[in-house]
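Me: Hey, can you walk me through this one? I'd like to start with the cysteines and then look at the strands.

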Amino acid sequence: MKAFSIFIALILISSLCPHYANSQTDSCSNNLAAVNGAQFPFDTSSLNCDAVWTVPNYILRYAQASSNVWSFVLSAPSIGCYVAMGFSPDGGMVGSSAIVGWVNSGGVNTMKQYYLEGQKPTLVLPDQGNLTIVGNSTNIVAVGSTIYMGFQLNASTPLNQLIYSVGPSGGLPSAPLYQLTQHQNMIATTINYVTGQIQTVKAPYSNLKKNHGILNMLGWGILLPIGAIVARHCKEWDPIWFYSHISIQSLGFILGVAGISCGFVLEHKLSVIVSHHKGIGIFILILGCLQMMAVLARPDKASKHRKYWNWYHHNVGRLLILFAVANVFYGIHLGLAGRGWDVGYGIVLVGLFIIAVVLEIRMWMRK
C-alpha cells in the first residue's frame, strides 16, 4: 500500500513539474560543499541534514551558526516551479512567513520573502514577513535539475513548524507584482532542531475534507449516472428497472446531500473561499431536489402530459450529471487531492461511458 502511495505521488509530481521526472536528485549522503556550483556566502560544511518531503525529494540542511544565527539550505528537483519553505507560528499557512525561490527559463534566479496574510493569492504579500534574514546571506542556484536555496536567519531558535510547497509548472512570479500562483502540493511538518526528528503534520479537518469529496463523487458523480443508464437501457425488465432506478437515484441523492453538508461545515471550519465550487454544488442540489419532487408529480403513462414530463425529467437529469461530473473534478483540483484521484474517477467514468455506448448500440440494433 505504501509503494502504491509513492507511485501515485510520483505521477502527481511529474504532472505538476515535468522536470521532476529526469532530475538528478539530492540526498543527505551528498556533501554539499562538494556540489559544484552550489556556493553560498556562509559555511555549509557542518550542516545537519533531513529528508523533509520524501516525494518530491525536498532535502533540508540546517545548523546554528552562532548564538542568534541559523543557516538553512533547501534543495528540491523543481526547475520550472517555485520552491517555498514557510515558518508558521501555529502550523497553518495563514500567518506564516515563507522563503520562496525560483529559476526562470532564462536562468535568472530569484528569491523573496512572502507573508501569507490570507488564502487568496492577492493576500500573499512579497517582500514582507516576520523573518529577519541576515544581510547578503541569500542565494539560490540550479545545479543540473536540482535547485538549492540557502539563507540565514537572525533568531535564537527558529519556529519549528515548517511548511513546504511546490508551485505549478511554468507558474512563476514575475515583475512588478511578483504574485504567487496557488501551490499545487504542500506538506506541513514539525522539526526538532536538536535531534533532527521530522514529523509530518496532518492537515486540519482532512477526514472531513475526504468525506466531502468521497460522498459527492459517489453520490452525484457515480450513482446518478448508473441510475440513468438503468433507466434508459433496462426497461425490458419491468418493473424491476423502475424500482432499481428509484433506489439508485435516491441513494445517490442522499449521499450527495450528505457530501454538500460536509462542504458547508468544511467551508466554515477552514474559512476558505470557494465561490464557484460552492455555487455549482448548490445548483446541483437544486436540480436534485427538483428531480425528487418530479417523481411525486409523475403523470400516468396514458396522460397526454407524460411526454412533457419525460422531456423535463430526462434533460434536467442530464444537466445535473454534467455539472456533477465537472464539479467533482473541480473539487479534486481545489482540494489538491492529487492526480491519482483524477485518474481513478476518470477510469470509472470511462467504464460507465463504454457500458452506456455498448448498451446504446444494442438498443439500436434491436430497433
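Reply: Sure. One thing before we start: this is a predicted model. Cysteine 28 has a relative accessible area of 35%, so it counts as partly exposed.

Me: And cysteine 49, what's its relative accessible area?

Reply: That one is 24%, so cysteine 49 is partly exposed too.

Me: How many disulfides does the structure hold?

Reply: There is 1 disulfide. Cysteine 28 and cysteine 49 form it, with their sulfur atoms 2.1 Å apart.

Me: Remind me, what's a disulfide?

Reply: A disulfide is a covalent bond between the sulfur atoms of two cysteines.

Me: Where in the chain do cysteine 28 and cysteine 49 sit?

Reply: Cysteine 28 is in the loop between helix H1 (2-16) and strand E1 (48-53), while cysteine 49 is in strand E1. They are 21 residues apart, and the pair links distant parts of the chain.

Me: Is the link left-handed or right-handed?

Reply: Left-handed, with -85° about the S-S bond.

Me: OK, why is cysteine 289 too far for a bond with cysteine 262?

Reply: Because their sulfurs are 16 Å apart, and cysteine 262 has the closest cysteine sulfur to cysteine 289. A disulfide needs the sulfur atoms within 2.5 Å.

Me: Switching to strands. What order do they take in the open sheet?

Reply: The 7 strands run E7-E6-E5-E4-E10-E11-E12, with antiparallel pairing. Strand E7 (124-126) and strand E12 (198-201) are the edges, each pairing on one side only.

Me: How many bridges join E11 to E12?

Reply: 4 bridges. As for a partner in E12, threonine 190 is bridged to glutamine 199.

Terms used. Residues numbered from 1 in each chain as written. Predicted model: local features only at pLDDT ≥ 70, side-chain atom pairs only at ≥ 80, totals over all residues. Heavy atoms only, no water. Helix = DSSP H or I, 4+ residues; strand = E, 2+ residues; numbered from the N terminus. Buried < 20%, exposed > 50% of the residue type's maximum accessible area, 1.4 Å probe, protein only. Pairing = 2+ DSSP bridges.
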